[in-house]
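I opened this one to see what pairs with what, and where. My notes follow in the order I looked things up.

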Amino acid sequence: MGKLLAGAAIAVSGTAIAVAVTLPGNAGASDGAGTGAGAEERPGGENGDRAADTAARQPAGVVEEEPPVGKRGVGRDGLTTDELRRVERLALTPGLRSGSEDVEGDRGPEVLGTDLVELKPSEVDDAAPPRRAEVSFYDYKDDQLVLKTVNLSTGEVEKTETREGEQPPPTRAEAVEAAEVLLADPLGAGLKQDYKAATGKALTGPGQLTTTAMIYRVDGENAGPDRVRACGEHRCVRLFTKVTDGPWIDVRHLVIDLSAGTVSRIG
């Protein structure tokens, strides 16, 4: 069942094929064991701007004690570890926590990332300008991107946005969950077969793979099968999988809908 190609054992089966894969950006085998996040993939033409800002729908919650300040950055320095922890805790208000779900279906949204916010023009020349950070969450309950802008100088959440149809790059946790969904689906049989052929061992979990996830969405020119028509509104990914310290196994013809927990074949 195997072939030798570029010094690696290549397993070939009917569904998934171990191949040499070139990934965009800095994704690759150098990350070591486990899974990594990727970027957005937009097959076909432009989708247009389907993102729409809506009012945040959050139930009332109790007031919590503000997290400790810890070590602060200066000026436009990158966010410190203490600032990252503090801003994410401040942004995750009780209402958002209780009214949303993460990629595994647990209470609270999926944290996608945190970035330092540019200063307002009127603040550029201030002697001690405020430091603000924007935290991006994905709420799998309502399939919405939630953006919270937090003023680290005052500890206040200054701005909240919710957007539908906007899909930032997936996180490491989402890549892990996508691999879990694939391995539990009948369409994951080819991946298991190729892993067994390449290593002689059974593939029982995503921890045995190095996996990179990329957002998948469809448009009018590339509608795909019925089961992926919601991708873009739903959070869907394609995976680039690699045997840890071994060959790539090509599963790019499979789309994992993380919102619905389903796997579809395309192409």
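Salt bridges came up first: I searched the whole structure, a predicted model, and got eight of them. The general idea is that side chains of opposite charge can pair when their charged atoms come close.

I pulled up Arg235 and Glu174. Their closest N and O atoms sit 2.6 Å apart, which I log as a salt bridge. Arg235 is in the loop between strand S10 (209-216) and strand S11 (236-243), while Glu174 is in helix H3 (residues 172-184), so this pair ties together parts that are 61 residues apart in sequence. I checked burial too, and both Arg235 and Glu174 are buried.

Next I looked for bridges with common partners. Lys159, Glu161, Arg163 and Glu166 are joined into one network by salt bridges that share partners. Arg163 meets Glu161 at 3.0 Å, N to O, and Arg163 also meets Glu166, at 3.2 Å, N to O. Are those two acids buried or exposed, or something in between? Glu161 has a relative accessible area of 11%, so I put it down as buried. Glu166 has 26%, so I put that one down as partly exposed.

**Ser136**

From Glu161 I went over to Ser136. Their C-alpha atoms are 9.7 Å apart, with the two positions 25 residues apart along the chain. Ser136 belongs to strand S7 (residues 132-139). Its relative accessibility is 12%, and because buried means under 20%, Ser136 counts as buried.

What does Ser136 touch, once I leave aside its neighbours within four places in sequence? I found contacts with Glu110, Val111, Leu112 and Gly113, and also with Leu145, Val146 and Leu147. For reference, strand S6 spans 110-116 and strand S8 spans 144-151.

**Backbone oddities**

I then went through the phi angles. Most residues other than glycine have a negative phi. Asp143 has a positive one, near 50 degrees. Asp143 is in the loop between S7 and strand S8. At 14% relative accessibility, Asp143 counts as buried.

Asp245 also has a positive phi, near 60 degrees. I located Asp245 in the loop between S11 and strand S12 (248-249). Its relative accessibility is 79%, so Asp245 counts as exposed. My entry for the two: Asp143 is buried, whereas Asp245 is exposed.

**Surface charge**

I went looking for charge on the surface and found a patch of negative charge, where Glu101, Glu104, Asp106 and Glu180 gather. Where along the chain is Glu101? I placed Glu101 in the loop between helix H2 (94-98) and strand S6. With 32% relative accessibility, Glu101 counts as partly exposed.

**Whole chain**

I left the totals for last. The chain has 267 residues, and buried residues make up 45% of them. I get four helices and 14 strands. Taking the contacts with a separation of 6 or more, I find that 63% come from residues 24 or more positions apart. The accessible surface comes to about 13,300 Å², and carbon and sulfur atoms hold 49% of that surface.

Methods. Residues are numbered from 1 along each chain as its sequence is written. This is a predicted model: local features need pLDDT of at least 70, side-chain atom pairs count only at pLDDT 80 or more; totals for chains, interfaces and linings use all residues. Side-chain values use heavy atoms; hydrogens and water are left out. Patches are made of residues with over 30% relative accessible area and no salt bridge: like charges are joined within 9 Å, nonpolar side chains (Val, Leu, Ile, Met, Phe, Trp, Tyr) within 5 Å. Accessible areas come from the Shrake-Rupley method with a 1.4 Å probe; for residues, only the protein chains shown count as cover. A salt bridge is a side-chain nitrogen of Lys or Arg within 4 Å of a carboxyl oxygen of Asp or Glu. Lys and Arg count as positive and Asp and Glu as negative; His and the chain ends are not counted. The place of a charge is taken as NZ of Lys, CZ of Arg, CG of Asp or CD of Glu. Helices (H or I, at least four residues) and strands (E, at least two) are DSSP runs, numbered from the N terminus. Buried means under 20% relative accessible area, exposed over 50%, partly exposed in between (1.4 Å probe, protein chains only). Contact means heavy atoms within 4.5 Å.
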